[in-house]
Amino acid sequence: MATQPPTLDQSQADALVRLSVIHSQQQVGKVAATQTDLRYLWDRVIDPADIAGSFTRFAVGASAYIQQARSDAMPLATRYYRDSQEIAGYTRQEDDNAPLVTVNALEADITALYVTGFVTIQKQLASGASMDFAERAGQAAMLRSAQRRILDAPRQGIIDRAAQSDQTVGWARVGDGAPCYFCAMLISRGPVYSERTVNFRAHDGCGCGAKMCFRNDPSRGWTDQSRALREFYDANKGDWRSAYNREMRNPDSPIRATMNDVPRSSFGLAA
Ligand SMILES: [Zn+2]
């Protein structure tokens, strides 16, 4: 093992958190562009008079967009990984020069498109919704699912690389500035130390990212963000969802401030 750099100080730790939130936001922003493409494709291709036939054509085109976006997310994740190493004072090892890679799974992408887009339309129609409403609901579900399937790639790439490296002890979840109550609860649990068997628990529409916990971090991956959430969670366990949502609506909330709050504009598409 190479020599360890000095213990992280507060400013390095803060910079690492900031960088990880920015990285999550950048990834979400890139996905928003793909969601726009998917929306245009949907509007062009989906034919209310022939949902089944037109959805097949849509799924072929949409899966190509999703696979491209997944590949495009990896250079950004690679740069984030290297920048974090640099901030933490680690020198790059041989393996770190390889770009983070992802595996495309065409069949799973097509399945996800059907399970969200097509199935939502059928369910809405079956419950008496208008075609227009059903189509919009299907599109929204499809966009949120596509986001998760794209972002899973950089998240897993970072987790896998961290698991292989002797510079890190684990990884932690980081919000995109304004995570939902469910993700905030997961962030409040702090870093994950076990290795690559741990999958990132993400819901459709989730903008969270993964952050490495470096070996020279005296807090072992706990951040001001996760500590503040942990305290707040412990004090509001019984009523977590509404307590957290109330904080996030309050511009003066210290909890909201510690999330590095930035408006989630890109979520408008998938809302
Ligand atoms: Zn999330």
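This passage walks through the overall build of a predicted model and then its main nonpolar core.

Starting with the basics, the protein chain contains 8 helices and 2 strands. Going along the sequence, these run in the order α-α-α-α-β-α-β-α-α-α. As for overall dimensions, the C-alpha atoms sit in a box of roughly 65 × 45 × 25 Å along the principal axes. The radius of gyration comes out at 20 Å, and a compact globule of 271 residues would be near 18 Å, so the two agree.

How much of the protein chain is buried? Of its 271 residues, 40% count as buried. Sequence-distant pairs also show up a lot in the contact list: among contacts with a separation of 6 or more, 79% join residues 24 or more positions apart.

Now for the inside. The largest nonpolar core takes in 56 residues, and the ones with the most contacts within that core are Ile-150, Ile-158, Trp-171 and Cys-183. Two or more core residues come from each of α1 (10–45), α2 (51–88), α3 (106–126), α4 (131–164), β1 (168–174), α5 (181–188), β2 (209–214) and α6 (224–236). Of these, α2 chips in the largest share, with 12 residues. In soluble globular proteins generally, nonpolar side chains tend to be buried together.

Ile-150 is a handy place to zoom in. Which residues does Ile-150 touch, leaving aside those up to four places away in sequence? The partners are Val-31, Thr-34, Ile-66, Ala-69, Arg-70 and Ala-73. Ile-150 itself falls in the α4 range (131–164), while Val-31 and Thr-34 fall in that of α1 (10–45), and Ile-66, Ala-69, Arg-70 and Ala-73 in that of α2 (51–88).

Key: Residues numbered from 1 in each chain as written. Predicted model: local features only at pLDDT ≥ 70, side-chain atom pairs only at ≥ 80, totals over all residues. Core = buried A, V, L, I, M, F, W, Y, C linked by C-beta atoms within 7 Å. Buried ≥ 20, exposed ≤ 12 C-beta atoms within 10 Å, placed from the backbone. Helix = DSSP H or I, 4+ residues; strand = E, 2+ residues; numbered from the N terminus. Contact = placed C-beta atoms within 7 Å. Rg over C-alpha atoms; globule rule 2.2 N^0.38 Å.
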